[in-house]
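Got your viewer open and a hand on the selection tool? Let's take a walk through this one, stop by stop.

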Amino acid sequence: MADPRASGPTEATAPPGPVTGPAPGSRFARVLIVTGAAILAVIAVAALCAPLLSSWGETEIDPAATLTAPGGGHLLGTDGNGMDIWSRVLYAARLDLGIAVAAVALAVTVGTLLGLVAGYRGGWIDDVLMRVVDIFQAFPTFILALAVAALLGNGTVNLIITIAAVNAPAYARLVRAEVRTLRELPFVDAAVTSGASTAGILWRHLLPNSLTPVRVIAPLNCGWAMLTLAGLSFLGLGVSIPAAEWGAMISLGAADVVGGRWWTSVPPGLALLVCVLGFSLLGEGLQERADAKRR
């Protein structure tokens, strides 16, 4: 009788083969990123092609069509001033996307610079900068935005500064934490030993390695920046009418909803929702991909 120990490994005892293909978390992250990017791409293209997609201008008035229901010559109807809702929703995308992206870019730039300096230098510089950050972060974000907007006033540039001011402290603290960890690593000691300047160490070594969490959070903050802009405009501290902006359009048409004229505020509200959803999906996808790489 043959010795069973002499036989080769059976299917039950054979070692499992190597796992191939992307991890489930990586596939899910890709779906989120592609979906979010596709939503934002469609909105951006529609905003850029607004003159081609609508025969009405941003503030052009049709005196014969006031509060007209959707249909006919006005795809989404008109508001109380006789302006075409579809056209204004498209043009508003330009302003909302532009302000949100510019404000987050400014917040990332200022916050990253403060975090780099504070995290690398330490000492009293770190203490002073972080106490200033603590003061900003002690206030609820939207309340602080209201205060800064009331101080600076309306205007596109002032709104960008306002939204950047309330978001920059978060980036400063995030980058500072990354730099405080990185500065203890051997490659930084090697750069110091080789005679590299402080600016060179910050720019060539610490900055590229400290931006990973910033790239993940920035898309999410673009969505929050759009909500902040819409909230300020809704309260009269943001973009002024007749300029097309989703929050201002919702505010202008809020009273019409009670009378059954939903088309003056629902379309801009839906546009804002879809755009924020796109940024959220993109940010969540980047976060999921970063977590999958760490695992």
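What follows is a short tour of pockets, packing and a few single residues. Keep in mind that you are looking at a predicted model.

**Stop 1: the largest pocket**

Start by selecting I43, W86, V89, W246 and A271, which lie nearest the centre of the largest pocket. The lining has 13 residues in total, and the pocket's volume is about 220 Å³. Now colour α1 (24-48), α3 (85-121) and α11 (266-294): each of these helices supplies at least two residues of that lining. What kinds of residue make up the lining: nonpolar, polar or charged? Colour by residue type and you'll find 13 nonpolar, no polar and no charged.

**Stop 2: the second largest pocket**

Next, move to the second largest pocket, with about 180 Å³ of space. Its lining consists of 14 residues, and V110, L114, A165, A168 and P169 are the closest to its centre. Show α3, α4 (123-137) and α6 (156-182) here, since each one supplies at least two lining residues. Which helix gives the largest share of this lining? That's α6, with 6 residues. Colour by type again: the lining divides into 14 nonpolar, no polar and no charged.

**Stop 3: the core, with W246 in view**

Go back to W246, which you picked at the first pocket as one of the residues nearest its centre. W246 also belongs to the largest nonpolar core, a set of 63 residues. Within that core, L206, M226, W246 and C275 touch the most other members. The helix that gives the most to this core is α3, with 15 residues.

Now show the contacts of W246. Leaving aside residues up to four places away in sequence, W246 touches V89, A92, A93, D96, M226, P268, A271, L272 and C275. You've met some of these already: V89 and A271 lie nearest the centre of the largest pocket, while M226 and C275 are on the list of core residues that touch the most other members.

**Stop 4: two tryptophans**

Select W262 and W263. How many aromatic pairs are counted in this model? The count is 1. The ring centres of W262 and W263 are 6.0 Å apart with the planes at 85 degrees, so this pair is edge-to-face. Turn on a surface and compare the two: W262 counts as partly exposed, at 44% relative accessibility, whereas W263 counts as buried, at 8%.

**Stop 5: D79 and L67**

Zoom to the loop between α2 (50-53) and α3, where you'll find D79. Is D79 buried or exposed? D79 is buried, because its relative accessibility is 4% and the buried class covers anything under 20%. Show its neighbours: beyond four places in sequence, D79 touches T66, L67, I85, R88, L252 and T264.

Click on L67 next, which is found in the loop between α2 and α3 too. L67 is not a glycine, yet its phi is positive, at about 55 degrees. L67 is partly exposed, with a relative accessible area of 24%.

**Stop 6: T198**

Finish at T198, in helix α8 (residues 198-210). T198 counts as partly exposed, at 33% relative accessibility. Leaving out residues up to four places away in sequence, T198 touches Y120 and R121. Draw a distance from T198 to W246: the two are 48 residues apart in sequence, and 45 Å apart in space from C-alpha to C-alpha.

Key. Residues numbered from 1 in each chain as written. Predicted model: local features only at pLDDT ≥ 70, side-chain atom pairs only at ≥ 80, totals over all residues. Heavy atoms only, no water. 1 Å grid on protein atoms, 1.4 Å probe; cavity = no way out; pocket = protein on both sides within 12 Å on 5 of 7 lines; lining within 4 Å. Points joined across faces, edges and corners; volume = space filled by probe spheres on them. Helix = DSSP H or I, 4+ residues; strand = E, 2+ residues; numbered from the N terminus. Nonpolar A, V, L, I, M, F, W, Y, C, P; charged D, E, K, R; others polar. Phe/Tyr/Trp six-rings, centres within 6.5 Å; stacked < 30°, edge-to-face > 60°. Buried < 20%, exposed > 50% of the residue type's maximum accessible area, 1.4 Å probe, protein only. Core = buried A, V, L, I, M, F, W, Y, C linked by side-chain atoms within 4.5 Å. Contact = heavy atoms within 4.5 Å.
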